Every structure is written in C-alpha cells, then in structure tokens.
Amino acid sequence: MALPALLQNRLSVPVVGAPLFIISNPDLVIAQCKAGVVGSFPALNARPASQLEDWLAQITEELEAHNRAHPDAPAAPFAVNQIVHRSNDRLEHDIEMCVKYKVPIVITSLGAREELNQAVHSYGGITLHDIINNRFARKAIEKGADGLIAVAAGAGGHAGTTSPFALVQEIREWFDGPLLLSGSIATGDAVLAAQAMGADLAYLGSAFIATQEARAEERYKQAIVAHNSADIVYSSLFTGVHGNYLRPSIEAAGLDPNNLPESDPSKMDFGSGGNSDAKAWKDIWGCGQGIGAVKDVLPAAELVARLRREYEAARSRLSLAA
C-alpha cells in the first residue's frame with residue numbers, strides 16, 4: 001500500500017484536509033500545506049469561475065516560495081475538488097484550469113469520468129475519488145481513478161452509512177492502491193486507527209471548519225466547538241443527497257430536525273438548498289460526528305500540530321503495549 005511519490009516524505013501527519021464547500025479558501029489551503037497536510041478546496045468555491053485561476057496562481061506561487069525557503073521541509077501538495085455531477089456546468093472550464101496549473105491532486109465527487117482522470121494524468125497529477133460504498137469504489141477504479149476516499153458513517157457533509165470497519169475491509173479485499181478514510185476523524189488517535197484498519201491516510205473536514213483561516217462565519221465555528229455527535233442530523237432534504245448537518249442550524253432555519261421530509265434526488269442542488277427554503281451550506285451547516293474533540297478555534301497550523309502530537313503519542317502507547 002505505497003503512497004504515490006508526490007505524497008511520500010511530504011506529510012507531517014498522514015492527513016488530507018477535506019474540501020469544504022464555501023469554507024475552504026486559499027488561506028486555509030496554504031496554511032494546511034505549510035503545516036504538512038494536504039490542503040484542498042472545491043473548485044466551485046471560487047466564484048465567479050474566473051476567480052479559480054487567481055486562487056490556483058496564489059496557492060502555487062506561495063507554496064513554491066515556501067519550498068524554496070525551506071528545501072528540507074517542503075509543503076505538502078494541494079488538491080482541488082471537482083463535482084462531476086451533471087448539474088456542474090463549470091466542470092470543463094475548471095478542469096482546464098487544473099491542467100494549466102498542474103494541480104497535484106484532483107478529488108472527484110458525485111460521478112467518475114475517464115476523460116477527467118486522463119486530463120489529470122497528462123501532466124503527472126493523480127485523482128482520488130470519494131465513494132460511500134464498495135460498488136462505487138469499483139466503478140471509480142475501472143474509470144481510471146488512482147485512489148479512493150472511503151466516506152464512511154459519521155463523516156461531515158455528503159456521507160454514507162457504512163461502518164468504516166466494513167467499508168475499508170471490503171475495499172482492501174481487491175484494491176491495494178491509495179485509500180483514504182473519512183468519518184468522525186478529528187484526533188491523532190483516530191488518524192492512527194484509520195491506518196490500523198487499512199487506510200493509508202485520514203481525511204479530515206469538520207475539525208478544519210473551526211480554524212482561523214476557514215471562511216466560515218464565527219457562529220458556525222463556535223457551534224462546532226460547542227456541540228458533539230448527538231447534535232448531528234442525517235438528511236437528504238437540503239441538496240438531494242444524504243448528508244450530516246448541525247442540528248442548531250436546522251432549528252435556526254425554522255425546521256424540525258426530527259421531522260425532515262425526504263428530498264427529490266432529481267432536484268439535486270449544491271448551491272441553493274435542494275428542496276428546502278434554507279440554503280445549504282450557507283444556512284444549513286454541514287458537519288461530522290467527530291466534533292466532540294474540537295474544543296477551540298485555532299490557527300490551522302496549531303490544529304495540525306495537535307494532531308501530530310496525538311498521533312505520535314498513540315503510536316508510542318501501542319509500541320509500549322507490544
């Protein structure tokens with residue numbers, strides 16, 4: 001289970017920061033990469049579409065400058081998330097920008113396309129496709145993805161319902177390539193646990209919402225700090241795809257979290273709010289079940305440093321126990 005060359009000896013802790021819709025921005029991505037974890041953002045966060053080139057230029061230039069200044073401790077590579085669903089009318093433009101700037105890692109969601117994988121491979125990049133079950137995992141690899149992100153039960157935003165133990169085990173029966181695990185991971189101990197199950201890297205999102213660089217309103221960040229797994233609601237109402245959301249934001253929108261109707265998946269919508277009047281993710285806040293470990297709003301570098309300390313401590317405990 002060897003990591004791709006571009007990830008070898010580049011990470012301070014085996015973590016990829018998940019792309020956070022609306023929230024991820026160049027400041028957060030750059031801070032994550034400089035701290036030694038893969039930073040990422042959804043291409044759709046750059047609005048209008050012309051802004052994507054500005055973001056890619058900024059991230060590329062700042063990370064290259066960091067690497068020149070710190071040749072012995074280069075930044076981790078960055079990633080761009082592409083929504084492959086037919087509702088994304090920007091996809092062709094955004095892929096062209098990724099090719100132009102040779103984005104090291106492209107994360108694909110809600111659809112797998114051979115031509116996208118080929119475009120990324122043309123300049124030496126890699127693609128990781130997020131999936132919620134083993135069937136989708138096989139399809140992604142068949143269409144040329146280099147690796148998989150297993151989005152298990154408890155993950156923030158669009159998430160599956162399968163236990164991470166079951167999902168990783170089923171994928172590892174046939175796939176020995178790069179595998180990331182997402183779902184309630186917010187501590188260094190959980191990062192090590194993901195590796196023990198068979199994943200190469202952990203995929204963290206919700207914990208990075210409560211960082212100073214994240215483009216989330218302060219109420220959202222404080223809600224992450226103040227709540228825990230009991231405050232997460234799983235619903236398809238807001239985008240047409242099932243996802244996990246913070247209960248207080250649903251209540252603030254005038255809805256009953258315990259009695260949410262099902263959404264019509266044919267009206268899938270990632271910008272306005274699907275079949276509700278509230279706008280996901282502006283009014284309805286995506287969040288995973290691991291937020292009980294988030295106690296403060298910190299700079300991203302401090303969060304990564306905490307994860308690294310916890311990860312090394314967990315490894316030491318296991319070594320002593322053995």
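Asn 9 is placed in the segment before β1 (15-17), where helices (H or I, at least four residues) and strands (E, at least two) are DSSP runs numbered from the N terminus. The phi of Asn 9 is near 60°, a positive value in a residue other than glycine, and at 78% relative accessibility Asn 9 counts as exposed, given that buried means under 20% relative accessible area, exposed over 50%, and partly exposed in between (1.4 Å probe, protein chains only).

This is a predicted model, in which local features need pLDDT of at least 70 and side-chain atom pairs count only at pLDDT 80 or more, whereas totals for chains, interfaces and linings use all residues. Residues are numbered from 1 along each chain as its sequence is written, and side-chain values use heavy atoms, with hydrogens and water left out.

Positive phi values recur elsewhere in the chain, and the table sets them side by side.

| Residue | Phi | Place |
|---|---|---|
| Asn 9 | near 60° | segment before β1 (15-17) |
| Ser 184 | near 65° | loop between β8 (179-182) and α7 (188-197) |
| Gly 198 | near 125° | follows α7 |

Ser 184 is partly exposed, with a relative accessible area of 31%. A further backbone feature is the cis peptide bond that joins Arg 47 and Pro 48, with omega about 0°; Pro 48 is found in the loop between β2 (39-42) and α2 (51-69).

The helix α7 has Gly 188, Val 191, Leu 192 and Ala 194 as buried residues. Seen down the axis of α7, these buried residues fall within an arc of 150°, so they line one face of the helix, the arc being that of the directions from the helix axis to the C-beta atoms. An α-helix has 3.6 residues a turn, so residues three or four places apart point the same way. The buried residues of α7 pack against β1, β8, β9 (201-204) and α11 (300-321), where contact means heavy atoms within 4.5 Å.

An open sheet of three strands has the order β7-β11-β10, with antiparallel pairing. In this sheet β7 (157-158) and β10 (232-235) stand at the edges, each with a single partner strand, so one side of each is left without a neighbour in the sheet. Two strands pair if DSSP finds at least two bridges between them; β10 and β11 (residues 243-246), which run antiparallel, are joined by four bridges, and Ile 232 stands opposite Leu 246 in β11.

His 129, found in strand β5 (residues 126-131), is buried, with a relative accessible area of 5%. Leaving aside residues up to four places away in sequence, His 129 touches ten-odd places along the chain, among them Thr 108, Gly 111, Ala 140, Gly 147 and Ile 149. That count is better replaced by the full list: the residues touched by His 129 are Thr 108, Ser 109, Leu 110, Gly 111, Ala 112, Ala 140, Ala 145, Gly 147, Leu 148 and Ile 149.

For the chain as a whole, there are 11 helices and 11 strands, and buried residues make up 54% of the 322 residues. With 322 residues, a compact globule would have a radius of gyration near 20 Å, and the 18 Å of the protein chain agrees with this; the radius is taken over C-alpha atoms, and the globule rule is 2.2 Å times the number of residues to the power 0.38. The C-alpha atoms fill a box of roughly 55 × 50 × 40 Å, taken along the principal axes. Among contacts between residues at least 6 apart in sequence, 64% join residues at least 24 apart. The accessible surface of the protein chain comes to about 13600 Å², of which 50% belongs to carbon and sulfur atoms, with areas from the Shrake-Rupley method with a 1.4 Å probe.
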